[in-house]
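Thank you for making the time this morning. I would like to walk you slowly through one structure, so please have it open in front of you while I talk.

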Amino acid sequence: MSFHAPESEIELPIDEVLLPDLPDGLEAQLAPRLSPGERLHYAIEVDMRPDGAFGTGYLLATDDHFYSCAWDGRQSSAWIEVPLETVEKVEVRDYHGVAAFEAVTSERAIRLARFTKARLDDVHKFRRATKALLPSGEGEKDWHGGGDRKKDVCEKCNQPIPHWFAGVCPNCVDKRKVLSRLLGRMKPYAGWISLGLLMMLLITAMDLVQPILTKILFDQVLPGTANPDGNLPLLWRILGLIVVLSATSTVLSGLRGYLMSWLGEKVTLDLRNELYSHIQTLSLSFYDSKQTGWIMDRVSNDTGNLQDFLTDAVQEFIRDFFQIILITIIMFQMSPHLAVATLLPLPFITFLGYKFMRKTHKMYHLMWRRRAKLTSLLSDVVPGVRVVKAFAQEDRERQRYQETSRDMMDASLSVAKFSNMVWPTMGFLGGLGFAVVWGYGGYLAVTGTGDVTAGTIVAFMGYFWRFQGPLQHLSRMAQRVQRAATSAQRVFEVLDTQPSVAEPVEPKPMPPITGAVEFRDVVFGYEPHNPVLKGVSFTVAPGEMIGLVGPSGAGKSTSINLISRFYDVNDGAILIDGVDIRDVEIHSLRSQIGVVLQEPFLFHGTLSENISYGKPDASREEIIEAAKAANAHEFIMRMPEGYDTMVGERGARLSGGERQRISIARAILKDPRILILDEATSSVDTETEAQIREAIDRLVKNRTTFAIAHRFSTLRNADRLVVLEHGHVREVGTHEELMAKEDGLFRRLTEVQSELSRIVAVGG
């Protein structure tokens, strides 16, 4: 079965969601369904079966068909097959809680796959990519409705071009660009690299002298036909030269080894730092679409894979190339006939190396994607181990890990299987030269043809083995190049990602905020086709406390995310003190905004380090004062090491209320002009809530505050309440004003909440 997937050695970013990375068992079960020459273009994993049950499903697009099926880890089932020639268009139907991918024919809409909203973005990408495969011409319309355009099919190879390649065919792109870009990053280290290369060439030159000295020993020093008595003085001179060359080579090798180790670590350090720094500039939308393990794999594993290539592989390639040239020249000078016979296997070995490089490209890309999937699984499950144990799902997670590990093992074994077929074959071809040197060389020496002596044969053997080494290295270079190209592409994919919330072209610092905020016809959706806020408008006076209330999904958290400019509005504007927040430096804006989240995040460190996170240069006195204001000082002093107590990963050693008070202390110490409280008291007991409420009352003084609370009674102190529903502002007013409206939304929500509280109290 022939799969068609975007190449990895390219400069442009690849959306790996759509690459055909099927489990081996599913791949084998799909093969009989394909017609001769039919190739798989796109594949995506979804989190529901085609019949609507929760589980794993796959949605596939080939040259001729859409396929979908359920997958239990070993067997597929519930296959659905739709010929592309019958499909007029493809649609994604968004239902309550779930969605579906449908292929629409002239007669009906065929539901190919179902999935939860978590996979909605990925399936929309699948839809956009597969439109170009349809014969109906739907691919000629831009996804965003920007008018007609040429169908995204490469004129050269006649294959669809995924939309994220911006019209550049990944199959026909110059595959050297990624490596050229990677090597360009070595310019700052050109001097050290040149020194290392010079030392390597000197070591190689001294090594190539050895066979010549051996030939002299056999032909001129040892007793023989040409010299019956031998030449003892020449023996001592040659032995002395051998010792000097060996000692010099040893010293240079040690120095170069340390230099290359230092250079490799330095290059990797710089690349990791650059990658991590760039990740810090990316917007929340990037993190929303990527798993933690995916990001970690780029920062750690992929940058590590580049170290060997950048520091050793390139220099070794240069050394091996010149060594082969020099050895070839020396061998032809010594005996042209014997040199030709010895080098006969070279074309076959070169051909095998080329084929190996082509084959391993896809295999390595597949292996690394499965490794990233395994890392993502670990980064997802380990922090949530309490939930796993609470719901007794250890066996399930064990099975998931085993299945993912098995997929990675299968991919690794595929590479190993192919490698162990190629390398012995290449070794056999190289070994034929050994027989040729002794057989043909012995024949020439015995018959006296071609001026071949015993010393010539011994020298040839020395050069032959020195020739085989670089040849094997150059053949194995395919693996190193593929590994580096794949890792480089994955690293550049992140480095080339631009923040969706970008700095203005001419940024200016945000002036000191007084606190006037205006939402002006704000429209925003995490997915442009599905807006969350739909023309929201309201104003806030400096120092005013605003409560954002409404049913779940109304747009409350989205509104406060927009104030901090975690996302940019799709339409309209948000102004602070009359300034559009898109026109100012992001850092100068956020440095004047404080946030207290529903689930406070504490870093692994001490209590004082977490409190001073927003103001690293704060004194101990300032930290203590902030903790007292947050009602945290008392419980901190009961800790074994007070403010120097380690909180554990994500604050695991603290209770929920204690973590929240540390979060409030962090906000107090920052002294923001605008304060955002997102469900700050939602998950604590009544006594702890009272302490938190007291701390918040101190915090909100003289600050413009936006508060979200699931218990409306906690918003009685708010100056005004903004009631949202379905992305619209339904009501604005004080608590008393809104409660006075007999048919008002806020009053209805409050009454429902009070009734539920009464039922819970009676039941308790």
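**Salt bridges, a sheet and a surface patch**

Let me begin with a single side chain: aspartate 51 has a relative accessible area of 47%, and because exposed means over 50%, aspartate 51 counts as partly exposed. Please keep in mind that what you see is a predicted model.

The partner of aspartate 51 is arginine 49, and in this salt bridge the closest N and O atoms are 3.2 Å apart. Arginine 49 is itself partly exposed, with a relative accessible area of 27%. As general background, side chains of opposite charge can pair when their charged atoms come close. Over the whole model, the count of salt bridges comes to 19.

Some of these salt bridges are linked, and here I would ask you to find Lys89, Glu91, Arg93, Glu102 and Arg111, which form a network of salt bridges. Within it, arginine 93 is bonded in this way to glutamate 91, where the closest N and O atoms are 2.5 Å apart, and arginine 93 also forms a salt bridge with glutamate 102, where the corresponding distance is 3.2 Å. Are these three residues buried or partly exposed? Arginine 93, at 35% relative accessibility, is partly exposed, whereas glutamate 91 is buried with a relative accessible area of 15%, and glutamate 102 is likewise buried, with a value of 5%.

Glutamate 102 also takes us to the next element, since the residue number falls in strand E6, which covers residues 98-105 and is joined by seven bridges to strand E7, residues 109-116, in an antiparallel arrangement. The connection from E6 to E7 is a hairpin through three residues, and one of the pairs you can look for is valine 98 with its bridge partner in E7, threonine 116.

Now let us move further along the chain, to an open sheet. In what order do its six strands lie? They follow the order E13-E14-E15-E10-E16-E17, and the pairing is mixed. The edges are strand E13, residues 593-596, and strand E17, residues 728-733, each of which pairs on one side only. On average, neighbouring strands of this sheet are turned by 20 degrees against each other, direction ignored. At one end of that order, strand E16, residues 720-725, runs antiparallel to E17 and is joined to it by five bridges, with leucine 721 standing opposite glycine 733 in E17.

Two helices lie across strands of this sheet, and I will take them in turn. Helix H13, residues 556-563, lies across E10, E13, E14, E15 and E16, running at about 150 degrees to E15. Helix H18, residues 656-670, lies across E13 and E14, and runs at about 175 degrees to E13.

Finally, I would like to turn to the surface, where Phe317, Phe321, Phe322, Ile325, Leu326 and Ile329 make a nonpolar patch of about 550 Å². Where should you look for phenylalanine 322? Phenylalanine 322 is placed in helix H7, which covers residues 292-334, and at 45% relative accessibility this phenylalanine counts as partly exposed.

That brings me to the end of the tour, and I am glad to go back to any of these places.

Key
Residues numbered from 1 in each chain as written. Predicted model: local features only at pLDDT ≥ 70, side-chain atom pairs only at ≥ 80, totals over all residues. Heavy atoms only, no water. Pairing = 2+ DSSP bridges. Helix = DSSP H or I, 4+ residues; strand = E, 2+ residues; numbered from the N terminus. Axes fitted to C-alpha atoms, helices over the stretch in contact; angles between N-to-C directions. Contact = heavy atoms within 4.5 Å. Patch = residues over 30% accessible without salt bridge, like charges linked within 9 Å, V, L, I, M, F, W, Y side chains within 5 Å. Areas by Shrake-Rupley, 256 points an atom, 1.4 Å probe, with all protein chains shown as cover. Salt bridge = Lys/Arg side-chain N within 4 Å of Asp/Glu carboxyl O. Buried < 20%, exposed > 50% of the residue type's maximum accessible area, 1.4 Å probe, protein only.
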